[in-house]
Amino acid sequence: MDTTEFLKAIDSGALGHAYCFTGSEEWYKHEAVRRLREKLLPAGLEGFNEATLDHPTLREVLDAADTLPVMCDKRLVVARDWPPLAQGRDKADEAELEALSSWLSEPIDTSVTIFFNHGSVSNKALLKAFEAAGAVVTFDELSDREIAVWANRRLKPDGKKIDTDAVFALTERIGSDLTRLSIELDKLTAFVGDRPQIERRDVEAIVPLSLEQRVYTLTGYLLEGDIAQANVLLDSLIANGEDPMGILAFLTGQVRQLCHVRLALDANRPLKELVKPLGLRNEKALFPISKRSRMLPGRVFRDLYLRLVNMDYGVKSGTMRDIEAVSMAMLAIGNTARQKNDRRA
């Protein structure tokens, strides 16, 4: 079951007695619990009919679910981060798995229990037990179009709208995490004042670029051989408190993406196959990477990537300082690009 299907089930009241939340979109998980609370619990009686348990045992969850509601039809139980779900094992304790499976197969009419896992469930054996009962709700990251719909729905009570171009500018800066987007939408609502529409220029005026985006700009300077301008940007990042290891991580990650895309182009492989392996949101994100990847041969990007990985290892092993590693990584990319440009000239 996906997010939309579960929210429709809440609205219609067609709810089972237990669900396991998995996936990367945390905002909608909290929103789903909020809607469940509104649907199930009478005002003023929430304290009697809701149990929120952090890192509980299975016995604590089942006892809470078996407790009868007070002056309403169902109570709500939220079991946050039940430890076995996050342990990353393919197997579960046999007795615990049997107890869970038995409980899931025997519907309870007096409660709805949510196993609220932050992130995706790692324990495949337990996830399979929930799936067998039709009790898994997957909260996937939203696409740009879905975010645009969500954002306008989020802004409607304030009498505001946001155009698609502004949404794209926003996700380019801070990503697709709805919690962060919600905070920025509140800021933008205040910024535009009486204007009903939030536009790209508003986003560019008050929403700063993420570290990843600023390192993307830095990488562009380096691939053009402009080491001096790249150093100016690096100095600015460090002066603003950015961690050199974070800069190195994004720099290495972007060179890795360029390497994979260029090698795929050289081999005439379809780029869409790289969306998931490279951790990209959609095929659209491949376009700028594809354009940049033509600036150097695939084997050169591969060699640069391996050098950057070794620098990262040098910092972690204590043989190199973090800022030294960043500077050396930048020089490696910039000097390689300069040599290539000189040969072209």
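How many helices and strands are there in the protein?

**Figure 1. The whole predicted model, before we zoom in.** The protein has 16 helices and 7 strands. Keep in mind that what you see is a predicted model. Along the principal axes, the C-alpha atoms fill a box of roughly 80 × 55 × 40 Å. The chain runs to 345 residues, and 46% of them count as buried.

**Figure 2. Strand 4, covered on both faces.** Here we look at residues 111-116, which make up strand 4. This strand is mostly covered, with 6 of its 6 residues buried. One side carries Ser-111, Thr-113 and Phe-115, while Val-112, Ile-114 and Phe-116 sit on the other. Residues on both of these sides are buried.

**Figure 3. The strands that pair with strand 4.** Strand 1, residues 18-22, pairs with strand 4 in the parallel sense, and 4 bridges link the two. To find your way along this pairing, look for Tyr-19, which stands opposite Ile-114 in strand 4. Strand 3, residues 75-80, also runs parallel to strand 4, and here 6 bridges do the joining. A handy marker on this side is Val-77, which stands opposite Thr-113 in strand 4. Both of those strand 4 markers, Ile-114 and Thr-113, are buried, and they belong to opposite sides of the strand.

**Figure 4. A salt-bridge pair in helix 2, Glu-31 with Arg-35.** Helix 2 covers residues 26-40 and holds both partners. They are 4 residues apart, which is about one turn of the helix. Their side chains meet in a salt bridge, at 3.0 Å from N to O. How covered are the two ends? Glu-31 counts as buried because its relative accessibility is 11%, under the 20% cut-off. Arg-35 is partly exposed, with a relative accessible area of 22%.

**Figure 5. Another pair in helix 2, Glu-38 with Arg-34.** The side chains of Glu-38 and Arg-34 meet in a salt bridge too, this one at 2.6 Å from N to O. The two residues are 4 apart in helix 2, so about one helical turn separates them. Glu-38 has 57% relative accessibility and therefore counts as exposed, since the cut-off for that is over 50%. Arg-34 is partly exposed, with a relative accessible area of 34%.

**Figure 6. The salt bridge between Arg-195 and Asp-202, and a look back at the network.** The closest N and O atoms of Arg-195 and Asp-202 are 2.7 Å apart. Arg-195 is partly exposed, at a relative accessible area of 27%. Asp-202, on the other hand, counts as buried because its relative accessibility is 2%. Back in the earlier views, Glu-31, Arg-34, Arg-35 and Glu-38 are joined into one network by salt bridges that share partners. Across the whole structure, a search finds 16 salt bridges.

**Figure 7. Another helix 2 residue, His-30.** His-30 lies in helix 2 as well. This histidine is partly exposed, with a relative accessible area of 43%. How far apart are His-30 and Pro-69 in space, C-alpha to C-alpha? They are 22 Å apart in space and 39 residues apart in sequence.

**Figure 8. Two surface patches, one negative and one nonpolar.** Asp-2, Glu-5, Asp-140 and Glu-146 form the negative patch. Among them, Glu-146 is found in helix 7, residues 144-155, and is partly exposed with a relative accessible area of 44%. The nonpolar patch is made by Phe-48, Val-70 and Met-71, and it takes up about 340 Å². Phe-48 is found in helix 3, residues 46-49. With 52% relative accessibility, Phe-48 counts as exposed.

**Figure 9. Asp-303 in helix 15.** For this last view, find helix 15, residues 298-316, where Asp-303 lies. Asp-303 is partly exposed, and its relative accessible area is 42%. Now look for Val-255, which is 48 residues away from Asp-303 along the chain. The C-alpha atoms of these two residues are separated by 10.0 Å.

Terms used. Residues numbered from 1 in each chain as written. Predicted model: local features only at pLDDT ≥ 70, side-chain atom pairs only at ≥ 80, totals over all residues. Heavy atoms only, no water. Buried < 20%, exposed > 50% of the residue type's maximum accessible area, 1.4 Å probe, protein only. Pairing = 2+ DSSP bridges. Patch = residues over 30% accessible without salt bridge, like charges linked within 9 Å, V, L, I, M, F, W, Y side chains within 5 Å. Areas by Shrake-Rupley, 256 points an atom, 1.4 Å probe, with all protein chains shown as cover. Salt bridge = Lys/Arg side-chain N within 4 Å of Asp/Glu carboxyl O. Lys, Arg positive; Asp, Glu negative; His and termini not counted. Charge placed at Lys NZ, Arg CZ, Asp CG, Glu CD.
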